[in-house]
Amino acid sequence: MSAGAVRAGLRARWALVCLCVPFAGCGGGWQDQPAPSSETVPAHVRVRAVELPSEVKGATLDLAFQVQRDEVGYLLRVQATDPSAWLIITRVVSPSGKVLHRESGPFEEPDIVSRLSNESWSGEGELSLFMPNAAGLEPLPGTWRIQIARPDGDELAGAELFAVRRVARGAGLRLDLALVDATRNGSFSSARSARRLRTDLAKHRALMDEVLAAHALAIGHLDIVGRLPRNLRGTVSTEDDSERTLCDAAVRMTAPWSLPVVIVDGFLGEHEQVLELAGWAPMPGALNALDSSQACVFVESHTYLENDEERNAAFAMTVLHEAGHFVGLDHVSSEDGRVHDRFDDTPECHLDRVDGRDNLFFDVPGEVDGLIDDFECGLDGGAGNVMFWSGVAEFAPFGFSAGQAEVMRKHPLFRPERAE
Ligand SMILES: [Zn+2]
């Protein structure tokens, strides 16, 4: 897994800086995961096993599955028998026969032609694919064909499809969030008074709902479901197995079909280097999966911000940003300003046009650093979009575009509001 370039300093005061891991992770199998029983599957989702080919020769295998006429989104999850086995999606073919994604080897320097991703679509031991993750794709019903490469020849243990049924256009949808406190001293939950905690949670909900309401979306349940055991509290590292361990513990505390949000003191990278990150998320995430690093998002506690208003805003927007990755949304522009998302209604910020733009907020005015900054890009360059790679309060209120919201509305985690 690559940790990506992360810029320290400026963003530490109000940060959305985020490490998302496109389609990848360091997960393991979920062999012991019981299939969700029909009682627990929400009415708008259908769960079905995808048949594996009975005989596999060579380094690739093909999966084929049907999407039904009334289904508008699907999340496919594939797992290998060996949790460290490298898996790569090398081809995605739509029902009309269009090749939406193609990666050809060698795997170290892949040649990628894709409507869906700018990067190699790979993972250790597990892989997820959410469709549609971009605008302008054809309707989903029909037969999908997915080719998966296994450079080491490892066997697949299983593949499962979560298909989402169509709901009325504009119907209210809700996302349930389960907050799990993994800070060392309980700074997010037990270190605050119950009253203060209630006030803060109500504020987080209001801030997220303000952003979501424009698209008939909202936060459903928003609860602290508990603290992780003492030995799992503190930081999470992208270089060892801790993200999988923490994530697994969090998922076990969380009701299925909620997004587990693990609140940590910070993030560590290679050689225990402290990363100036506000959050981490898989893209897309795995649903209800045990023993997986991809089944939750991580968010920094933001308790270093002493101003209540700033802290609540930063925390709430970081949770929303990471939830966006979990349901398949990419950054509107990559931090190097060279790669942009697949929506034509989100602003793009190009490095060659903005790097070094002078403004009052730079530590070094006019610095050319090879990264696009909130202030260099400005609102016209997407700094007010929730999925900008970084975030500063000056560009609030943040928002999603209609195209981004359309993708979120087709994800299984956004469920129709329950009838009263
Ligand atoms: Zn991000």
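**Exercise 1. Which residue in β9 does Y74 stand opposite, and how is the sheet around this pair arranged?**

Solution. The structure is a predicted model, and the solutions below should be read with that in mind. Begin with the pair itself: Y74 stands opposite M131 in β9. Next, place the pair in its strands, where β4, residues 71-80, and β9 pair in the antiparallel sense over six bridges. Then turn to the other partner of β4, which is strand β11, residues 156-165, joined to β4 by nine bridges and likewise running antiparallel to it. Within that second pairing, Q79 stands opposite G158 in β11. Finally, assemble the sheet: it is open, has four strands in the order β2-β11-β4-β9, and its pairing is antiparallel. The edges are held by β2 (45-49) and β9 (126-131), each of which pairs on one side only, and the twist averages 15° from one strand to the next.

**Exercise 2. Decide how far β4 is enclosed by the rest of the structure.**

Solution. A residue counts as buried if 20 or more other C-beta atoms lie within 10 Å of its own. By this criterion nine of the ten residues of β4 are buried, so the strand is largely enclosed by the rest of the structure. As background for the whole protein chain, 46% of its 420 residues count as buried.

**Exercise 3. Describe how helices α1 and α3 cross, and which residues form their contact.**

Solution. First take the geometry: the axes of α1 (residues 194-212) and α3 (residues 308-326) come within 9 Å and cross at roughly 55°. An angle from 65 to 115 degrees would count as roughly perpendicular and one under 35 degrees as roughly parallel; the two helices are therefore oblique to each other. The handedness follows as a separate item, since α1 passes α3 in a right-handed crossing. On the α1 side the contact is made by D200, K203, H204, L207, M208 and V211, which meet N312, A313, F315, A316, V319 and L320 in α3. Sorted by character, the residues of this contact divide into eight nonpolar, two polar and two charged.

**Exercise 4. Work out which strands stand at the edges of the sheet β14-β16-β17.**

Solution. Start from the order, which is that of an open sheet of three strands, β14-β16-β17, with mixed pairing. At its edges stand β14 (235-237) and β17 (274-275), each with a single partner strand, so one side of each is left without a neighbour in the sheet. One of the pairings can be followed in detail: β16, residues 266-268, and β17 pair in the antiparallel sense over two bridges, with L268 standing opposite V274 in β17.

**Exercise 5. Where is S94 found, and is S94 buried or exposed?**

Solution. S94 is found in the loop between β5 (86-93) and β6 (99-104). The count of other C-beta atoms within 10 Å of S94 is 20, and S94 is therefore buried. Leaving aside residues up to four places away in sequence, S94 touches L100, E138 and W144. A further distance links S94 to P141, 47 residues apart along the chain, with their C-alpha atoms separated by 9.1 Å.

**Exercise 6. How many helices and strands does the protein chain have, and what share of its contacts joins residues at least 24 apart?**

Solution. The protein chain has six helices and 20 strands. Among contacts between residues at least 6 apart in sequence, 76% join residues at least 24 apart.

Note on methods
Residues numbered from 1 in each chain as written. Predicted model: local features only at pLDDT ≥ 70, side-chain atom pairs only at ≥ 80, totals over all residues. Axes fitted to C-alpha atoms, helices over the stretch in contact; angles between N-to-C directions. Parallel < 35°, antiparallel > 145°, perpendicular 65-115°, else oblique. Left-handed = near helix turned anticlockwise from the far one by under 90°. Contact = placed C-beta atoms within 7 Å. Nonpolar A, V, L, I, M, F, W, Y, C, P; charged D, E, K, R; others polar. Pairing = 2+ DSSP bridges. Buried ≥ 20, exposed ≤ 12 C-beta atoms within 10 Å, placed from the backbone.
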